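Hello,

Please find the structure below, followed by some notes on what was found in it.

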Amino acid sequence: MANKARKIKTAASRMATLIDEVLQFAKTNHDAHLPKENVSLNYLLEVVKDNLAAVISESHAQINVNQKLPEVTGSPSQLFQLLQNLISNALKFRSTRFPEVNISAKDQDTHYLISVKDNGIGFDSSLSHKLFEPFERLQSEVEGNGLGLSICKKIIEQHGGQIWVESEIGVGSQFSFTLSKA
């Protein structure tokens, strides 16, 4: 009987997570119409690190910023969601090594190129086109519903940028995206 109750509780928890993610996905469309403002990516990164402090501590993760991140024009809530999704994925899809996440920014004429690189489990790059589609998952043994990266893609597109990933199995992944200058 206890086993059955545990299964029901697990299924209910997964359903609640799915509902939350679908609502977040739908909210992304609504937030596209919010006014854009100057946003400090450094500040948002600190908020994300505070939000993920327990996971960062438990996993002994290092979150490194190779240089000061820029200020951009955009939706603070969406850009927060973007950074949180990318960093939490880097911590979730970790290998047996302590997670290391390196965040960098490059000034490129009309936009910034931001990269979030990890030393996680990586994946076969030939499957990268699937990652940004809703409900697509490459790792079935890791919890999630496959909406996080599709939310990231919507956010970046709504900000006039592009997002892509490079990865190697056993080495890690690097998610890169562009954002217009503030």
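How much of the contacts in the protein chain with a separation of 6 or more is accounted for by residues 24 or more positions apart? The share is 73%, where contact means heavy atoms within 4.5 Å.

This is a predicted model, in which local features need pLDDT of at least 70 and side-chain atom pairs count only at pLDDT 80 or more, while totals for chains, interfaces and linings use all residues. Residues are numbered from 1 along each chain as its sequence is written, and side-chain values use heavy atoms, with hydrogens and water left out.

The protein chain has 182 residues, 40% of them buried (under 20% relative accessible area, 1.4 Å probe, protein chains only). Its exposed area is about 10200 Å², of which carbon and sulfur atoms supply 53% (Shrake-Rupley method, 1.4 Å probe).

There are six helices and seven strands; these are DSSP runs, H or I of at least four residues for helices and E of at least two for strands, numbered from the N terminus. Their order from the N terminus is α-β-α-α-β-β-α-β-β-α-α-β-β.

Five strands make an open sheet with mixed pairing, ordered β2-β4-β5-β7-β6 (strands pair if DSSP finds at least two bridges between them). At the edges are β2 (62–65) and β6 (163–168), each paired on one side only. From one strand to the next, the twist averages 15 degrees (axes are lines fitted to C-alpha atoms, for helices over the stretch in contact, with angles from 0 to 180 degrees between N-to-C directions).

Edge strand β6 pairs with β7 (residues 172–180) in the antiparallel sense over six bridges. Within this pairing, E166 has Q174 of β7 as its bridge partner. Helix α6 (residues 148–158) lies across both β6 and β7, at about 25 degrees to β7.

Regards

Notes
Buried < 20%, exposed > 50% of the residue type's maximum accessible area, 1.4 Å probe, protein only.
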